[in-house]
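Work through the exercises below with the sequence and the structure side by side. Try each task before reading its solution.

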Amino acid sequence: MKQTDVLIIGAGPSGSIAGSILLQNGFNVTIIEKEQFPRFVVGESLIPKVMQHLDKAGLLDTLNEQHFEKKFGARFLKEDKVCNFSFAEKFTDGWEWTWQMPRADFDYTIAKEVEKKGAEVLYQHAVTNVDFSTGSVITSIEDKNGNTSQIASKYIIDGSGYGRVLPRLLDLSKPSDLPPRGSFFTHVEDINRPDTIDGTTITFDILHQNLWFWVIPFSNGKTSLGFVGDTHFFEGITEENKAEKFNEMIQQSDFYKERFSNLEYEFEPVMKVGYSVGVKQLFGDRYVLTGNSTEFLDPVFSSGVSFAAESSALAAELVSKALKGEDVDWQKDYSDYILRGVEVFKSYIKYWYDGSLQDLFFSDNINPEFKKQITSILAGYVWDKENRFVNRHKTIIKTINHFQKEAQSL
Ligand SMILES: Cc1cc2nc3c(=O)[nH]c(=O)nc-3n(C[C@H](O)[C@H](O)[C@H](O)COP(=O)(O)OP(=O)(O)OC[C@H]3O[C@@H](n4cnc5c(N)ncnc54)[C@H](O)[C@@H]3O)c2cc1C
């Protein structure tokens, strides 16, 4: 039977970042990936905190060569109001930019680099079973022709994203405490893109309190468009009428309807409903879950890939320690840490959909210090204990809105 130190499920950002760090630490890595790359996956707007992990994993040089569109902030629109956030004006020290790009290209670039660094990547192989009953972890895999084989490893990292392999096999899934929401998205050739900053600025256009529209322009002339909101906004969409319904939804955006009406779609708009999920535990005997296989919240703050990077970089360091025979406190050093960040983002997602964060974004008198601290959250610095918007995440937005309303009524 084939042997490896660490078997990783999935060659998405989680799998590639973990793999690269394990290789740097001197371990053998085998990555099992179900699809042939490049493959489509949603999640095309990054946030700056991800950059420190890409840097640490030695993946920035190859990514720089791709000339993806740089992202320096984010713009939110609501009716005739505009709220811009610039990552350069954040409270926490750290990266001030990142990228917005087709994930197929991003994921393929980093997976190829990790392979070049020495990982074995088995594409078109799916993990079908994992057995922890012996001294080694025995993983069963199946190729696209149905041929099966097994690999023995000392540790297994699950970066299988929406595949959620270990949560399914080990019965670790639990429902999310966020209500189910839907999304509907595609790519277009952006033939009406203006030659101004407007053409390339990533934008979230709020169509209703619980429905927003993303516009993510790429450097290859294409743009990703998507709607996210309560599931009732997507009722009546069928396989047959997807393109027509997508065009109808674009008409709700006064700002973008001219630019994006009646364009051909690069692929039939995709609908995903109820994607928020949770897990009962993030680690166990000789396994750890990273990225989307742990917890995925909501696309609104583009936090998915950043969490995938944060968790997989940390998991790779802790697995390295464990394999060197050092003690690892997985509960404190991994689970508690990751879930602390998840909880902060979760508060802001709740504030977003109950309207209170939108009220603050579009209020005329947002305190500049508050704005810097909120920008840190939007940049992914959700572990910065110096930031009161992190420390008091459960109540702070409601409290500020309350005092602003009181002040206005005086
Ligand atoms: C509508 C929507 C919009 C989003 N927008 C954003 C955004 O703007 N920014 C952002 O950061 N995030 C966004 N996300 C989240 C983002 O898609 C994920 O968080 C991110 O892809 C997680 O990376 P990952 O490496 O954990 O998993 P993935 O990228 O899903 O990679 C997992 C890999 O595992 C492979 N796999 C699955 N099952 C198996 C198996 N049995 N055996 C072998 N391999 C397997 C898959 O083929 C896949 O390649 C969005 C999500 C949704 C639903």
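The buried residues of helix 14 have helix 10 (330-353), helix 11 (356-361), helix 12 (368-378) and helix 13 (388-391) among the elements that cover them. The model is predicted.

**Exercise 1.** Determine which residues of helix 14 are buried, and why they lie on the same side of the helix.

Solution.
- Step 1: locate the helix. Helix 14 is made up of residues 396-409, 14 residues in total. Its first and last C-alpha atoms are 20 Å apart, close to the 20 Å expected at 1.5 Å a residue.
- Step 2: apply the cut-off for buried, which is under 20% relative accessible area. The buried residues of helix 14 are Ile396, Ile397, Ile400, Asn401 and Gln404.
- Step 3: look down the axis. These residues cover an arc of only 130° around it, so they sit on the same side of helix 14.
- Step 4: turn to the face pointing away from the buried side. That face of helix 14 carries Phe403, Lys405 and Ser409, which are exposed.

**Exercise 2.** Describe how strand 13 pairs with strand 4 and with strand 14, and in which sense, parallel or antiparallel.

Solution.
- Step 1: check the burial of strand 13, residues 203-208. Five of its six residues are buried, so to speak of it as mostly covered is correct.
- Step 2: take strand 4, residues 73-78. Strand 4 and strand 13 are parallel and share four bridges. In this pair, Lys78 has Ile206 of strand 13 as its bridge partner.
- Step 3: take strand 14, residues 211-217. Strand 14 runs antiparallel to strand 13, with five bridges between them. Here Ile206 has Trp212 of strand 14 as its bridge partner.
- Step 4: trace the connection. Strand 13 passes into strand 14 by a hairpin of two residues.

**Exercise 3.** Compare the span of helix 4 with the expected value, then list its buried residues and what they pack against.

Solution.
- Step 1: helix 4 has 15 residues (residues 103-117), and because each should add 1.5 Å, a span of 21 Å is expected. The end C-alpha atoms are 21 Å apart, which agrees.
- Step 2: the buried residues of helix 4 are Arg103, Ala104, Phe106, Asp107, Thr109, Ile110, Ala111, Glu113 and Val114.
- Step 3: these buried residues pack against several elements, including helix 1 (13-24), strand 2 (29-32), strand 7 (120-122) and helix 9 (304-323).
- Step 4: after helix 4 comes Gly118, with a positive phi near 130°.

Note on methods: Residues are numbered from 1 along each chain as its sequence is written. This is a predicted model: local features need pLDDT of at least 70, side-chain atom pairs count only at pLDDT 80 or more; totals for chains, interfaces and linings use all residues. Side-chain values use heavy atoms; hydrogens and water are left out. The expected span of a helix is 1.5 Å times one less than its number of residues. Buried means under 20% relative accessible area, exposed over 50%, partly exposed in between (1.4 Å probe, protein chains only). The arc is that of the directions from the helix axis to the C-beta atoms. Contact means heavy atoms within 4.5 Å. Two strands pair if DSSP finds at least two bridges between them.
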